Amino acid sequence: RGGARVHSGGKMASTAAGKQRIPKVAKVKNKAPAEVQITAEQLLREAKERELELLPPPPQQKITDVEELNDYKLRKRKTFEDNIRKNRTVISNWIKYAQWEESLKEIQRARSIYERALDVDYRNVTLWLKYAEMEMKNRQVNHARNIWDRAITTLPRVNQFWYKYTYMEEMLGNVAGSRQVFERWMEWQPEEQAWHSYINFELRYKEVDRARSIYERYILFILLVLVHPDVKNWIKYARFEEKHSYFAHARKVYERAVEFFGEEHMDEHLYVAFAKFEENQKEFERVRVIYKYALDRIPKQEAQNLFKNYTIFEKKFGDRRGIEDIIVSKRRFQYEEEVKANPHNYDAWFDYLRLVESDTDAETVREVYERAIANVPPIQEKRHWKRYIYLWINYALYEELEAKASKRTRQVYQACLELLPHKKFTFAKMWLLYAQFEIRQKNLPLARRALGTSIGKCPKNKLFKGYIELELQLREFDRCRKLYEKFLEFAPENCTSWIKFAELETILGDIDRARAIYELAIGQPRLDMPEVLWKSYIDFEIEQEEYEKTRNLYRRLLQRTQHVKVWISFAQFELSAGREERLPRCRQIYEEANKAMRSCEEKEERVMLLESWRSFEDEFGTDATKERIDKLMPEKIKKRRKLQAEDGSDAGWEEYYDYIFPEDTANQPNLKLLAMAKLWKKQQQESEAAAMDPDKDIDESQT
């Protein structure tokens with residue numbers, strides 16, 4: 001029952017608590033982040049700092065007698081010993097203990113502590129250093145020597161012990177002892193800085209021979225031990241000899257270094273230093289040889305500093321030729337890098353070849369040309385070959401003009417023509433250049449064979465024209481006729497070839513053949529420039545003074561086209577052809593043209609015709625004909641029309657000029673309406689002027 005009561009009581013208590021109101025939490029109005037943000041680390045750091053500030057300072061203890069001092073020492077020693085006993089491996093506790101004993105001038109006790117610490121960890125470098133420094137500070141030199149000897153015996157690879165030991169002996173004036181320590185150190189074959197420290201030590205005491213022997217031992221150590229030694233050690237040795245005026249020894253060191261590194265591990269810094277040494281000795285030819293030797297063997301991308309120094313040297317001591325050589329070498333390096341990065345960069349090849357042609361021998365130029373033409377375009381499309389083909393052309397021209405090797409030139413042309421995919425495309429200029437080369441070599445059959453092969457394999461307009469021009473220069477007119485026939489069979493729509501063929505026959509005096517060629521030409525169903533062909537035919541008949549045939553040609557042309565320029569040309573022909581009836585004939589042509597062009601939609605062409613007619617009447621006509629042509633001239637009016645965009649939406653309005661011809665009866669009502677509109681506008685202006693001037697209105701009413 002008791003348990004039940006408790007349970008029920010708990011239930012009532014929870015119900016009562018549920019009925020209590022929960023207090024309202026204050027709402028934050030501004031939820032934006034504060035300008036200054038505080039991190040958790042900052043809070044912890046500030047708490048720690050304040051905690052330290054709150055600690056009270058330790059009380060000052062004044063020791064008045066010996067017993068109190070001994071008691072203080074006992075307490076401190078017990079504290080130190082307890083710390084050491086808790087953790088023997090923490091060396092800082094040992095060092096603090098020993099330094100405290102040292103501060104009390106208890107040197108023996110401090111030594112004992114250091115020795116105990118060394119038994120715990122004899123590999124700790126700091127422990128040895130503190131121990132030796134304590135002995136040196138208290139002028140215990142022999143003890144310090146003993147400690148340093150033990151240290152370098154125990155840990156011979158710690159360079160700091162050796163530096164401190166030699167420095168101590170040198171400060172004590174024990175030069176022999178310091179040298180002995182250095183000798184012991186060198187037996188361990190330390191790093192290069194140790195050798196240089198030993199050398200500098202000997203130089204401080206003017207022992208140059210000893211320093212040289214140390215350098216020799218170091219170089220021997222490099223040769224025997226190091227696989228890839230650094231070149232700076234050789235340079236330091238050579239500069240040491242140079243500084244002490246042993247120039248022959250310095251040169252020998254540089255030569256040994258060059259021989260040691262060979263061509264596999266060449267370094268530009270060695271050659272720059274060697275060249276500067278020779279420059280200081282005024283051996284300029286030696287300098288030039290060193291630079292050229294290095295530039296020929298070191299990869300170009302690793303020789304930038306070498307190029308720079310060589311350029312400076314040539315500017316200082318070289319002539320113009322030497323400066324040009326170094327500049328050319330630098331540019332060659334740049335072009336080599338470009339063509340190596342992109343072998344199909346033909347512009348870079350052109351620049352490279354132009355540079356090589358200007359400064360090197362024929363074999364080098366041929367080698368570069370062969371490398372260039374080996375980069376054939378990967379795609380057989382003409383646009384990719386347009387730059388490449390000029391490599392072959394330049395190669396052939398170089399062999400012919402510069403190298404004077406006609407046999408190699410022929411081989412270049414033939415190799416290029418074999419390489420071209422003639423079934424897909426060809427280059428007419430290549431065939432023509434080859435033919436012209438054979439003609440210069442007085443080998444006409446080979447030239448004709450080449451051009452005939454080109455026309456058979458891949459006929460082109462340019463090939464036909466070049467072949468015909470060649471035969472014309474040779475005055476082989478029968479061959480020209482045959483070539484023109486082949487040309488016109490290949491391209492019957494080419495008006496220029498018809499005209500040239502006819503002109504050839506005209507020059508040869510065969511007028512009937514020329515006329516027949518023109519007739520065949522205008523009878524072709526498709527022509528590229530028919531207007532040029534008709535004009536040439538008409539001019540041909542005019543030159544032959546066949547005016548009736550010329551008129552017939554104009555009539556035949558007008559049956560095909562009613563272009564205004566044809567009518568104007570016809571009229572001008574009639575004006576210049578006849579002598580007696582030229583004016584009536586010309587006027588009649590203008591009349592016919594005007595009637596024919598009434599139905600023409602292009603009103604500008606009709607206006608051109610009337611203006612030409614008016615200029616004719618102004619020069620040759622009477623007053624009546626001038627008045628008549630003035631009545632035929634149209635009126636120019638401005639109109640507006642609606643524009644539409646490509647999507648069909650309105651794009652606004654635009655103004656344009658239209659012409660209204662008096663002869664067009666369909667436009668007469670519009671003209672009448674336009675005249676009435678003008679009259680109405682004039683009346684409106686007069687009424688407005690009358691309203692502005694009342695006195696004038698009164699006078700007019702009285703009148």
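This is a dialogue between a trainee and a mentor about a predicted protein model.

Trainee: What makes up the protein chain, in helices and strands?

Mentor: The protein chain has 36 helices and 2 strands. The model is predicted.

Trainee: How many of its residues count as buried?

Mentor: Of 703 residues, 36% count as buried. The cut-off for that word is under 20% relative accessible area.

Trainee: What surface does the protein chain expose?

Mentor: About 45000 Å². Carbon and sulfur atoms supply 51% of that area.

Trainee: What share of the contacts comes from residues 24 or more positions apart?

Mentor: The share is 47%, taken among contacts in the protein chain with a separation of 6 or more.

Trainee: Let's take one residue. Why is Phe333 called buried?

Mentor: Its relative accessible area is 9%. Buried means under 20%, so Phe333 earns the word.

Trainee: Where is Phe333 found?

Mentor: In helix α17, residues 320-341. Its C-alpha atom is separated by 10.0 Å from that of Gln304, and the two residues are 29 apart along the chain.

Trainee: Now the salt bridges. How many does a search of the whole structure find?

Mentor: The search finds 32.

Trainee: Why is the pair Arg217 and Glu183 called a salt bridge?

Mentor: Their side chains meet at 3.2 Å, N to O. The cut-off is within 4 Å, so the pair counts.

Trainee: What does that pair tie together?

Mentor: Arg217 lies in helix α11 (residues 208-225) and Glu183 in helix α9 (residues 175-186), so the salt bridge ties together parts that are 34 residues apart in sequence.

Trainee: Are Arg217 and Glu183 buried, exposed or in between?

Mentor: Arg217 has 32% relative accessibility. Glu183 has a relative accessible area of 29%. Partly exposed lies between under 20% and over 50%, so both residues are partly exposed.

Trainee: What makes Arg354 exposed?

Mentor: Its relative accessible area is 54%. Exposed means over 50%, so Arg354 qualifies.

Trainee: Which residue does Arg354 meet in a salt bridge?

Mentor: Asp351, at 3.0 Å, N to O. Asp351 counts as partly exposed, at 29% relative accessibility.

Trainee: Where do Arg354 and Asp351 lie?

Mentor: Both lie in helix α18, residues 346-359. They are 3 residues apart, about one turn of the helix.

Trainee: Which residues do salt bridges with shared partners join into one network?

Mentor: Arg251, Glu278, Glu283 and Arg286.

Trainee: How do you know that Glu283 and Arg286 form a salt bridge?

Mentor: Their side chains meet at 4.0 Å, N to O. The cut-off is within 4 Å, so the pair is listed as a salt bridge. Glu283 is partly exposed at 34%, and Arg286 is partly exposed at 38%.

Trainee: Last topic, the largest pocket. How much space lies in it?

Mentor: About 450 Å³. It is lined by 17 residues, and the closest to its centre are Glu531, Trp534, Lys535, Leu557 and Val566.

Trainee: Which elements give two or more residues to that lining?

Mentor: They are α29 (530-543), α30 (547-560) and α31 (564-577). The largest share, 7 residues, comes from α29.

Trainee: What classes of residue make up the lining?

Mentor: The lining has 9 nonpolar, 3 polar and 5 charged residues.

Trainee: Why is Trp534 counted as nonpolar and Lys535 as charged?

Mentor: Trp is among the nonpolar types and Lys among the charged ones, so these two lining residues fall into those classes.

Technical notes
Residues numbered from 1 in each chain as written. Predicted model: local features only at pLDDT ≥ 70, side-chain atom pairs only at ≥ 80, totals over all residues. Heavy atoms only, no water. Helix = DSSP H or I, 4+ residues; strand = E, 2+ residues; numbered from the N terminus. Buried < 20%, exposed > 50% of the residue type's maximum accessible area, 1.4 Å probe, protein only. Contact = heavy atoms within 4.5 Å. Areas by Shrake-Rupley, 256 points an atom, 1.4 Å probe, with all protein chains shown as cover. 1 Å grid on protein atoms, 1.4 Å probe; cavity = no way out; pocket = protein on both sides within 12 Å on 5 of 7 lines; lining within 4 Å. Points joined across faces, edges and corners; volume = space filled by probe spheres on them.
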